[in-house]
Structure formats: structure tokens, C-alpha cells
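Reader: Hello! I am new to this structure and would love a close look at one part of it. Could you pick a helix and walk me through what surrounds it?

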Amino acid sequence: MASQASVAAFADRLLAEGRPLDLLVNNAGVMALPQRSVTEDGFETQLATNYLGHFALTARLLPLLRSGRARVVQLSSIVHRQGRIQLDDLQFETAYKPWPAYAQSKLAMLMFALELDRRSRANGWGLTSVAAHPGYARTGLIGSGPMSRSAVARTVLKSLYRPFVEPFFSHSAADGALPILMAATAADVTGGAYYGPRDLREMKGPPGPGKIEAQALDPVVAAGLWAASEALTGVTFTA
């Protein structure tokens, strides 16, 4: 997902097959990389992997998604609460900060889901566009992100944080998948919905409706983000 060429090649294969798609879950992600890096396309890595790749893939697959009247699920995060869309510096070229860059990418995913729902309704695309987040799931994101560069941090993560601290605030990767599965398969899901765990400020617990923060609901910023994303990727939503 960090490579626009790879995204295009995959989409082209599916388009050549011509089979309608009834479900797309955009899930790939990296978290809080300690140092700013860029992809082969020159995009900041978190924005590229967590958001721009999914934006381009969804756009390229739109004909097949329309044919299947698909449900499209974007993976956001509870960290979207701290996110802000920096339309004047989306790629943190001025001053890179790992967590704000991550939070922006996950806010972008939630806003993408909501804006896709608006545009599907306006244009008659027939999609059910929703978002979900896993809460605090015990996956490899922390170890391969914020803890990846420091030997001391990795030792603390393995010997102290993982066995004694993390279990109180998190749940398993399997439990973290449940809100995504609900968003993807539940019969009563409607466009613009958002799902996550229900307990401990949505960090863990059974799946259900999640809270969307106010900044994610701004249609003007969402339209600006959409335009910027089209400009960066060179891909438009043409059915």
C-alpha cells in the first residue's frame, strides 16, 4: 500500500478480471515511525501507507465496487481524536512529529469514509461506506513503530510493558478484529457509520458504535483533503 505502482498493478489485475466486488476493507498501516521517511513516490511513509494507498485503491476499483454495490470499510483509530488535517503541510515536511503524523493519517481515513459516503449518495454509486477501529489491539504495530529504533525501548516493551501493563488497557488482535468484521458484515450497517470496542474509552471490549470526533465531521476540510489526495496520487473517482 506504500507503493502507488503496486496499488495500480493490483487494481489493473482485478479490473481485467471484471468481477464485481461486494466488499473492500482497507486495513494496512504503520504507526508513529520515529524518523520521517518517504516512499518510492516521495510521500511521507505514514500518510502513504495508512491513507493515500487506500484512497488510490478505492478510486481505481470504483467501477467494480459500483457493480457489486459494495461495502467499503476504512480502518481508523482512537488516535484520530488527536488528529488534525494539515492541508498546508500534509506530509510534515516542515517539522515531522511521529504521533501527530500517525493521528492525521487515521483521521484522514475516517474522513475519507464519511466523504465517500456523501459522494456515493450524491452520485448514485450505491456504496455503503463505513469506518471502524480495533481499539488497542495487541499486534506488532508498537514494536515495529515507536519502539523500533531503540534497543532499550524494545527491552522495556518485551520485559515490562507487554506482560504487566499492556493487558489492562488492551485486548487480543482477534478481539480487535471484531469491530472491523461488524462494519464489514453486519446486516444493519448504514453508510457513514463508525464501529469500535465499547469499553475503557473504546480501547477494548465488545464491538459497537464508536464516537466520531468533531474534526472528522467537517465537510469543508474533507473536500480539501479529497482534492489534495487526488492531486498527490493522480487518481480520481471516475465511475
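Author: Happy to! One term comes first: helices here are DSSP runs of H or I with at least four residues, numbered from the N terminus. Please keep in mind as well that this is a predicted model.

Let us take α8, which covers residues 219-233, with G234 lying in the segment after the helix. At the start of α8, D218 sends a side-chain oxygen to within 2.9 Å of the backbone nitrogen of V220. The helix has 15 residues, which at 1.5 Å a residue should span 21 Å; the C-alpha atoms at its ends are 21 Å apart, so the two values agree. Just after α8 comes G234, with a positive phi near 70°. G234 is exposed, because its relative accessible area is 62% and the cut-off for exposed is over 50%. Far along the chain from G234 is A56: 178 residues separate them in sequence, yet their C-alpha atoms are 8.4 Å apart in space.

Now for the side of α8 that is hidden. Its buried residues are A222, L225, W226, A228, S229 and T233. The cover over these residues includes α1, α2 and α4. These helices also meet in the largest nonpolar core, which has 42 residues. Y51, L61, L65, L116 and F237 have the most contacts inside this core. Two or more residues come from each of α1, α2 (45-60), α3 (62-67), α4 (98-123) and α8. The largest share, nine residues, is given by α4. In general, nonpolar side chains tend to be buried together in soluble globular proteins. To see one of the well-connected residues, look at L61: leaving out residues up to four places away in sequence, L61 touches A11, L14 and L21. Apart from this core lies another, of eleven residues, including I180, A183, A184 and V189.

Two of the helices that cover α8 lead us on to a sheet. The sheet is open, has five strands in the order β1-β2-β3-β6-β7, and its pairing is mixed. Its edges are β1 (23-26) and β7; each has a single partner strand, so one side of each is left without a neighbour in the sheet. From one strand to the next, the twist averages 25°. Helix α2 packs on this sheet and touches β1 and β2 (71-75), with its direction at about 165° to that of β1. Helix α4 lies across β1, β2, β3 and β6, and runs at about 160° to β2.

The mixed pairing can be followed strand by strand. β3 (residues 128-132) and β6 (residues 194-199) run parallel and are joined by two bridges, with A131 partnered by Y194 in β6. On the other hand, β6 pairs with β7 (residues 204-209) in the antiparallel sense, over four bridges. There, P197 has P207 as its bridge partner in β7, and Y195 has P209. Four residues lie between the strands of this hairpin, where L200 takes a positive phi near 50°.

Finally, back to α1, another of the helices covering α8. S3 sits in the segment before α1 (4-17). S3 is buried, because its relative accessible area is 15% and buried means under 20%. Its side chain reaches the backbone nitrogen of S6 at 3.1 Å. Leaving aside neighbours within four places in sequence, S3 is in contact with E40 and D41.

Conventions. Residues are numbered from 1 along each chain as its sequence is written. This is a predicted model: local features need pLDDT of at least 70, side-chain atom pairs count only at pLDDT 80 or more; totals for chains, interfaces and linings use all residues. Side-chain values use heavy atoms; hydrogens and water are left out. Buried means under 20% relative accessible area, exposed over 50%, partly exposed in between (1.4 Å probe, protein chains only). Two strands pair if DSSP finds at least two bridges between them. A polar contact is a pair of N or O atoms within 3.5 Å; within protein, one must be able to donate a hydrogen and the other to accept it, and residues adjacent in sequence count only if both atoms are side-chain atoms. Contact means heavy atoms within 4.5 Å. A nonpolar core is a set of buried Ala, Val, Leu, Ile, Met, Phe, Trp, Tyr and Cys residues joined through side-chain atoms within 4.5 Å. The expected span of a helix is 1.5 Å times one less than its number of residues. Axes are lines fitted to C-alpha atoms, for helices over the stretch in contact, and angles run from 0 to 180 degrees between N-to-C directions.
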